[in-house]
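Reader: I'm new to this one and would like to learn how to read it. Could you walk me through it piece by piece?

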Amino acid sequence: MGAGIAEVLARGGLPVVGIEISPEALDRGRGHLEKSTGRAVKRGKLTPEAQREILDRIALSTDFGDLGDCDLVIEAVPERLDLKRQVFARLDEVCRADAVLATNTSSLSVTEIAVATNRPTKIVGVHFFNPAPVMRLVEVITTVLTEPTAVAGVADLVTKLGKTPVTVGDRAGFVANRLLFGYLNQATAMLENGHATRDDIDAAMTAGGGLPMGPFTLMDLIGLDTCLGVLEAVYAESRDRRHAPSPLLRELVTAGLLGRKTGRGFYAYDGSADEAAAESGPAPAVAVVGEVAGITGDADPAAADLVVLGAGAELPDGVKPDAVIAVAAEGPVTARAVATGRPGDVVGLRVPEPDRPLAELTVTALTLPATADRAAALLAGLGRTAVRCRDRAGAIVDALRFPYLNDAAAMLGAGYADADAIDAAMTLGCGYPTGPVADLDRLGPRRAVEVLTALYEESREPALAPAPVLVEHAAAGRGLR
Ligand code: CAA
């Protein structure tokens with residue numbers, strides 16, 4: 001990330017000294033800078049002259065002594081406290097006494113870094129998000145030792161660079177990672193326990209959750225070693241087992257499969273083609289019995305390829321033997337599948353956001369494999385992105401987003417951060433279309449309490465019990481803001 005941060009500073013017109021550990025590492029950093037700014041030139045966002053000016057502002061060196069004149073130094077070495085403390089000890093020696101020293105740590109304690117220096121009042125965290133030149137959030141972390149002028153100076157600089165600073169206290173994961181990584185870890189657990197495939201989980205969160213990237217694509221971008229480090233640090237503080245790194249993540253890291261940077265993580269980046277999406281046939285004849293948000297169809301149930309049963313609707317007589325029956329429901333559908341008398345032909349159907357293209361198909365223990373395949377093709381014929389998962393509360397999207405929304409509500413209730421900071425963290429730091437507090441107000445605290453209660457009753461996971469602040473607002477019938 002050091003190269004990305006250097007680029008941000010140089011784009012802001014500041015002279016930058018970039019330090020690397022070896023000439024080889026320096027070459028890699030130079031390569032990153034050229035590639036990233038070159039991409040902007042190719043897209044017509046930067047002229048070749050402006051690119052040269054930006055690159056000329058960055059002096060690359062392996063000598064810490066070159067930092068002697070700097071007003072601010074931002075450290076971005078790997079996430080190991082011992083290594084960070086060594087680097088800060090060296091910075092303390094070579095930097096001017098009035099220089100502010102900052103760490104770009106994702107999750108380590110800024111206070112523990114600060115107390116290892118002779119200038120703990122001048123140590124702050126400046127946490128950029130991947131890719132640094134693009135993401136607009138910077139978390140500015142203040143410790144109980146940091147002097148207010150150091151924090152204000154860094155926040156001012158961040159604003160001048162065209163980014164949005166959010167000042168937060170020194171807690172593991174700060175705001176964004178604390179919310180993001182519970183979700184990423186839960187997605188990994190879902191994959192590991194066979195609830196759904198990698199591609200279906202990623203597709204669900206983009207097509208249904210509206211996110212710019214699915215969780216596995218994002219973890220590969222961040223780096224799986226960084227993900228593991230963040231989870232370990234957050235778990236050490238939260239002692240919430242949802243933050244205990246998934247064994248699959250640890251295995252990939254042990255195997256050296258760290259994501260994009262090593263050419264393979266959850267995905268392979270060797271240019272091999274991805275699996276083809278479900279084949280979509282001609283537009284199917286659809287009959288909808290009752291009301292189903294997001295799905296329309298007025299075919300005669302006796303002639304339909306797909307018969308969709310709304311809440312409480314029963315299977316009409318005469319449905320073709322090769323028709324697929326989709327039971328629309330908020331929760332598991334196995335009991336209703338059995339009640340149709342032909343459960344092998346039944347899948348559950350959920351459209352978590354009618355305005356978005358996703359349809360989730362829940363496959364019960366009785367659904368025939370051919371039924372699930374046909375259902376996916378029929379939904380594709382309706383122009384929907386169909387994903388499959390087991391018949392569990394929340395399917396994929398709600399099972400992943402409501403625990404995250406609950407965490408955000410708990411954060412708000414505990415005074416950890418305010419609503420603006422929480423929403424800015426997720427929209428500007430992680431590209432979410434809306435922040436969690438806004439999401440909760442859109443979806444409604446009552447719905448959140450219902451979904452979380454179902455998730456809690458299924459898993460008995462204490463952290464999935466609705467946060468008191470949600471219960472309170474659901475009872476009061478008003479949003480969180
Ligand atoms: N470096 C520099 N610029 C990049 C880039 C990179 N690696 N990747 C994309 N870009 C630029 C492109 O040049 C393009 O710029 P313009 O709009 O100026 O032309 C812009 O980003 C959009 O790129 P694309 O159109 O190619 O791709 P996209 O629309 O799919 O967006 C994305 C890519 C911005 C990365 C988007 O997918 C996104 O927002 N993803 C979520 C990223 C995220 O969550 N980051 C936070 C991770 S957590 C973290 O980093 C903290 C931590 O401590 C671990």
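Reader: Let's start with proline 332: leaving aside its neighbours within four places in sequence, which residues is it in contact with?

Author: Contact here means heavy atoms within 4.5 Å. Once you set aside the neighbours within four places in sequence, proline 332 is in contact with Asp391, Arg392, Ala393 and Glu458. Keep in mind that this is a predicted model.

Reader: Where is the place of proline 332?

Author: Look in the loop between strand 10 (324–328) and helix 12 (334–339). From that loop, the C-alpha atom of proline 332 is separated by 8.4 Å from that of alanine 395, and the two residues are 63 residues apart along the chain.

Reader: Is proline 332 buried, exposed or partly exposed?

Author: The general idea is a scale: under 20% relative accessible area is buried, over 50% is exposed, and partly exposed is in between. Proline 332 has 48%, so it is partly exposed.

Reader: Zooming out, how is the chain divided into domains?

Author: You get domain 1 (2–169), domain 2 (176–262) and domain 3 (286–382). For a sense of the layout, the C-alpha centres of domain 1 and domain 3 lie 53 Å apart.

Reader: Now the ligand. How many residues surround it, and which are the closest?

Author: There are 19 residues around the ligand, and the closest are Arg39, Arg43, His127, Asn130 and Asn177. By type, the shell divides into ten nonpolar, six polar and three charged residues.

Reader: Which domains and helices does the shell around the ligand draw on?

Author: Domain 1 and domain 2 each give at least three residues to the shell. As for helices, at least two shell residues come from each of helix 2 (23–42), helix 7 (176–192), helix 9 (215–222) and helix 15 (419–430).

Reader: How do I read the distances from the ligand's oxygen atoms to polar atoms of the protein?

Author: Look for pairs of N or O atoms within 3.5 Å, which count as polar contacts. Here, a polar side-chain atom of histidine 127 lies 2.7 Å from an oxygen atom of the ligand. With serine 106, a side-chain N or O atom is 3.0 Å from a ligand oxygen. Cysteine 430 takes part through its backbone, with an N or O atom 3.4 Å from an oxygen of the ligand. As for cover, the ligand taken alone exposes 1100 Å², and the protein buries 72% of that.

Reader: Back to the helices. What does threonine 37, in helix 2, make a polar contact with?

Author: The side chain of threonine 37 makes a polar contact with the side chain of glutamine 51, at 3.1 Å. Gln51 is also among the contacts of threonine 37 beyond four places in sequence, along with Glu7, Leu46, Ile54 and Leu55. Threonine 37 has 0% relative accessibility, so it counts as buried.

Reader: And aspartate 220: where is it found, and is it buried or exposed?

Author: Aspartate 220 is in helix 9, and its relative accessible area is 1%, so it is buried. The side chain of aspartate 220 reaches the backbone nitrogen of tyrosine 267 at 3.0 Å. Setting aside neighbours within four places in sequence, the contacts of aspartate 220 include Leu258, Arg260, Phe266 and Tyr269.

Reader: What about aspartate 423?

Author: That residue is found in helix 15. With a relative accessible area of 8%, aspartate 423 is buried. Beyond four places in sequence, it is in contact with Gly435, Pro436, Val437, Ala438 and Arg481.

Reader: Last topic, the backbone. What is the peptide bond from asparagine 130 to proline 131 like?

Author: That bond is cis, with omega near -15°. Proline 131 sits in the loop between strand 5 (123–127) and strand 6 (137–142).

Reader: Which residue in the loop between strand 7 (164–169) and helix 7 should I look at?

Author: Try phenylalanine 174, found in that loop. Phi of phenylalanine 174 is near 50°, a positive value in a residue other than glycine. At 0% relative accessibility, phenylalanine 174 counts as buried.

Reader: And arginine 239: what is its phi, and is it buried or exposed?

Author: Phi of arginine 239 is near 55°, again a positive value in a residue other than glycine. Arginine 239 lies in the loop between helix 10 (224–238) and helix 11 (247–254). Its relative accessible area is 58%, so arginine 239 is exposed.

Definitions and conventions:
Residues numbered from 1 in each chain as written. Predicted model: local features only at pLDDT ≥ 70, side-chain atom pairs only at ≥ 80, totals over all residues. Heavy atoms only, no water. Near = heavy atom within 4 Å. Polar contact = N/O pair within 3.5 Å; in protein donor to acceptor, adjacent residues only side chain to side chain. Areas by Shrake-Rupley, 256 points an atom, 1.4 Å probe, with all protein chains shown as cover. Helix = DSSP H or I, 4+ residues; strand = E, 2+ residues; numbered from the N terminus. Nonpolar A, V, L, I, M, F, W, Y, C, P; charged D, E, K, R; others polar. Domains from an automatic or database assignment. Buried < 20%, exposed > 50% of the residue type's maximum accessible area, 1.4 Å probe, protein only.
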